[in-house]
Amino acid sequence: MRIVEGFDVNVPPSGTGCAECEEAGGWWFHLRRCAQCGHIGCCDDSPAKHATAHYHATGHPVIRSFEPGEAWFWNYATDELYPTGPELAPPASHPADQPVPGPEGRVPANWAETLR
């Protein structure tokens with residue numbers, strides 16, 4: 001495989017949920033995976049936007065959806081969407097039985113109002 005800047009196909013994801021939300025007891029809407037270091041962060045529709053914060057803190061430009069059935073990538077540096085890309089180390093998504101939003105037990109009843 002050709003080496004692509006911003007990707008490390010051998011590094012596994014950091015976990016099954018947003019690393020910072022897990023640590024702080026927060027919740028997320030959707031999850032994103034750093035294609036370079038495997039960090040799992042929450043999307044920009046989530047209250048804390050940890051995936052974007054990870055890009056700003058590290059300069060790692062490419063994320064992949066960490067949602068079941070999604071294989072797209074986003075490049076923060078170029079604002080480009082890639083419908084597909086290289087296969088990353090498994091797993092490709094959070095567990096299918098993990099609720100969205102999640103995690104179970106930490107999502108407020110009025111969560112949909114936060115997306116407005």
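Q: In this predicted model, which residues is Trp-28 in contact with, leaving aside its neighbours within four places in sequence?
A: Let's go along the chain in this predicted model. On the early side, Trp-28 is in contact with Gly-17, Cys-18, Cys-21 and Glu-22, once neighbours within four places in sequence are left aside. The rest of its contacts are Cys-42, Ser-46, Gln-98, Pro-101, Gly-102, Pro-103 and Arg-106.

Q: Which residues make up the largest nonpolar core?
A: Nonpolar side chains tend to be buried together in soluble globular proteins. Here the largest such core has 7 residues in all, and Trp-28 is one of them. Its other members are Cys-18, Cys-21, Leu-31, Ile-40, Cys-42 and Phe-66.

Q: How many residues are in the second, separate core?
A: This core includes Ala-35, Val-62, Phe-73 and Leu-88. That list is only part of the set, and the full count is 5 residues.

Q: Is Ser-46 buried or exposed?
A: You can find Ser-46 in the loop between β2 and α2. Not counting residues up to four places away in sequence, Ser-46 touches Trp-28, Phe-29 and His-30. Its relative accessibility is 1%, and buried means under 20%, so Ser-46 counts as buried.

Q: Is Pro-103 buried or exposed?
A: Look for Pro-103 in the segment after β5 (80-82). Leaving aside neighbours within four places in sequence, Pro-103 is in contact with Gly-26, Trp-27 and Trp-28. Because its relative accessible area is 13% and the cut-off is under 20%, Pro-103 is buried.

Q: In what order do the 5 strands of the open sheet stand?
A: Strands of a sheet pair through backbone hydrogen bonds, either parallel or antiparallel. In this open sheet the pairing is antiparallel. Reading across its 5 strands gives the order β2-β1-β3-β4-β5.

Q: Which strands stand at the edges of the sheet?
A: A strand with a single partner has one side left without a neighbour in the sheet, so that is the clue to look for. The strands that fit are β2 (40-42) and β5.

Q: By how much are neighbouring strands of this sheet turned against each other on average?
A: Picture the strands in their order, β2-β1-β3-β4-β5. With direction ignored, the average turn between neighbouring strands is 30°.

Q: Which residue in β3 is the bridge partner of Arg-32?
A: Strand β1 (residues 31-34) and β3 run antiparallel and are joined by 3 bridges. In strand β3 (residues 62-65), Val-62 and Arg-64 point one way, while Ile-63 and Ser-65 point the other way. The bridge partner of Arg-32 in β3 is Ser-65.

Q: Which residue in β4 is the bridge partner of Arg-64?
A: On this side, 3 bridges join β3 to strand β4 (residues 73-75), and the two run antiparallel. Arg-64 is buried, and its bridge partner in β4 is Phe-73.

Q: Are the planes of Phe-7 and Phe-73 stacked, edge-to-face or tilted?
A: The structure holds 3 aromatic pairs. In the pair of Phe-7 and Phe-73, the ring centres are 5.3 Å apart and the planes stand at 50°. Planes under 30 degrees apart count as stacked and those over 60 as edge-to-face, so this pair is tilted.

Key
Residues are numbered from 1 along each chain as its sequence is written. This is a predicted model: local features need pLDDT of at least 70, side-chain atom pairs count only at pLDDT 80 or more; totals for chains, interfaces and linings use all residues. Side-chain values use heavy atoms; hydrogens and water are left out. Buried means under 20% relative accessible area, exposed over 50%, partly exposed in between (1.4 Å probe, protein chains only). Helices (H or I, at least four residues) and strands (E, at least two) are DSSP runs, numbered from the N terminus. Two strands pair if DSSP finds at least two bridges between them. Rings of Phe, Tyr and Trp (its six-membered ring) pair if their centres lie within 6.5 Å; planes under 30 degrees apart count as stacked, over 60 as edge-to-face and the rest as tilted. Contact means heavy atoms within 4.5 Å. Axes are lines fitted to C-alpha atoms, for helices over the stretch in contact, and angles run from 0 to 180 degrees between N-to-C directions. A nonpolar core is a set of buried Ala, Val, Leu, Ile, Met, Phe, Trp, Tyr and Cys residues joined through side-chain atoms within 4.5 Å.
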